[in-house]
Amino acid sequence: MSVEKVKSFFQQYNMADRILEFDESSATVDLAAAALHCEPARIAKTLSFDAAGETVLVVTAGDAKIDNPKYKKQFGTKAKMLAPKEVETRIGHAVGGVCPFAVNDGVKVYLDVSLKRFSQVFPACGSSNSAIALSVRELETYSGYEKWVDVCKGL
């Protein structure tokens, strides 16, 4: 199970005990916000794309939406989300639990500036009923991100 991979990843930093697991689903922004009792914008949603054959994850604020022209300017190609059946194979996590931790080799992670307005965000942890509270600095550290990007519509 993918959440076990993420727990193992965080264990090396003595942080596995910070992973929250819920009895209810947290597979969408709204479900995660309800489970965490927070505003949906603070959910760090991880979107998976095929960027000209390269597997790319973009972590955005829960209320952000991809701006196609900005995405194309950043990645040099049209925003093409992975088909649900491709996600687990290419990323290492299934839809509903996609996160920027313990991903397959070759997957590139980018953080969208929409997250910078928060001191703490909540990304998933590999399953459809898990999350972790991280500061934005911690998200930078543990996601292994390439760089910050601006690929969402203005909020």
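Trainee: Why does Lys7 count as partly exposed?

Mentor: Lys7 has 22% relative accessibility in this predicted model. Buried means under 20% and exposed means over 50%, so Lys7 lands in between and counts as partly exposed.

Trainee: And Glu4, what does that count as?

Mentor: Try it with the cut-offs you just used. Glu4 comes out at 44% relative accessibility, so partly exposed is the label here too.

Trainee: What makes Lys7 and Glu4 a salt bridge?

Mentor: Side chains of opposite charge can pair when their charged atoms come close. The closest N and O atoms of Lys7 and Glu4 are 3.9 Å apart. The cut-off is within 4 Å, so the pair passes. Both residues lie in helix 1, three residues apart, which is about one turn of the helix.

Trainee: How many salt bridges does the structure hold?

Mentor: Nine. One of them joins Arg90 and Asp50, with 2.9 Å from N to O. Arg90 is in helix 4 (residues 84-91) and Asp50 is in strand 2, so this pair ties together parts that are 40 residues apart in sequence.

Trainee: Are Arg90 and Asp50 buried or exposed?

Mentor: Both are buried, which means each has under 20% relative accessible area.

Trainee: What makes Arg137 and Glu140 a salt bridge?

Mentor: Their N to O distance is 3.0 Å, and that falls within the 4 Å limit. The two residues are three apart in helix 5, about one helical turn.

Trainee: Is Arg137 buried or exposed? And what about Glu140, buried or exposed?

Mentor: Arg137 has a relative accessible area of 60%, over the 50% mark, so it is exposed. Glu140 has 15%, under 20%, so it is buried. While we're on salt bridges, Glu4, Lys7 and Glu21 are joined into one network by bridges that share partners.

Trainee: Which residues of helix 5 are buried?

Mentor: Val136, Leu139, Glu140, Tyr142 and Ser143. They pack against several elements, including helix 1 (2-11), strand 3 (54-61) and strand 4 (108-112). Just after helix 5 comes Gly144, with a positive phi of about 60°.

Trainee: On to the cysteines. How many disulfides does a search of the whole structure find?

Mentor: Zero. Take Cys38: the closest cysteine sulfur, in Cys125, is 13 Å away. A disulfide needs the sulfurs within 2.5 Å, so that is too far for a bond. As for Cys152, its nearest cysteine sulfur belongs to Cys38, 17 Å away, and Cys152 is in no disulfide.

Trainee: Why does Cys152 count as buried?

Mentor: Its relative accessibility is 3%, and the limit is under 20%, so buried fits. Cys152 lies in the segment after strand 8. Leaving aside neighbours within four places in sequence, Cys152 is in contact with residues including Thr60, Ile66, Asp67 and Asp112.

Trainee: Last topic, the largest pocket. How much space lies in it?

Mentor: About 340 Å³. It is lined by 23 residues, and the closest to its centre are Ala27, Lys45, Thr46, Gly96 and Val98. Among the elements giving two or more residues to the lining are helix 2 (29-36) and strand 5 (120-123). Strand 2 gives the largest share, six residues.

Trainee: What is the lining of the largest pocket like by class?

Mentor: There are 15 nonpolar, seven polar and one charged residues.

Key:
Residues are numbered from 1 along each chain as its sequence is written. This is a predicted model: local features need pLDDT of at least 70, side-chain atom pairs count only at pLDDT 80 or more; totals for chains, interfaces and linings use all residues. Side-chain values use heavy atoms; hydrogens and water are left out. Buried means under 20% relative accessible area, exposed over 50%, partly exposed in between (1.4 Å probe, protein chains only). On a 1 Å grid over the protein atoms alone, a cavity is a set of points where a 1.4 Å probe fits but cannot get out, and a pocket is an open set with protein on both sides within 12 Å along at least five of seven lines; lining residues have an atom within 4 Å of a point. Grid points are joined across faces, edges and corners, and a volume is the space filled by probe spheres set on the points. Helices (H or I, at least four residues) and strands (E, at least two) are DSSP runs, numbered from the N terminus. Ala, Val, Leu, Ile, Met, Phe, Trp, Tyr, Cys and Pro count as nonpolar, Asp, Glu, Lys and Arg as charged, and the others, Gly among them, as polar. Contact means heavy atoms within 4.5 Å. A salt bridge is a side-chain nitrogen of Lys or Arg within 4 Å of a carboxyl oxygen of Asp or Glu.
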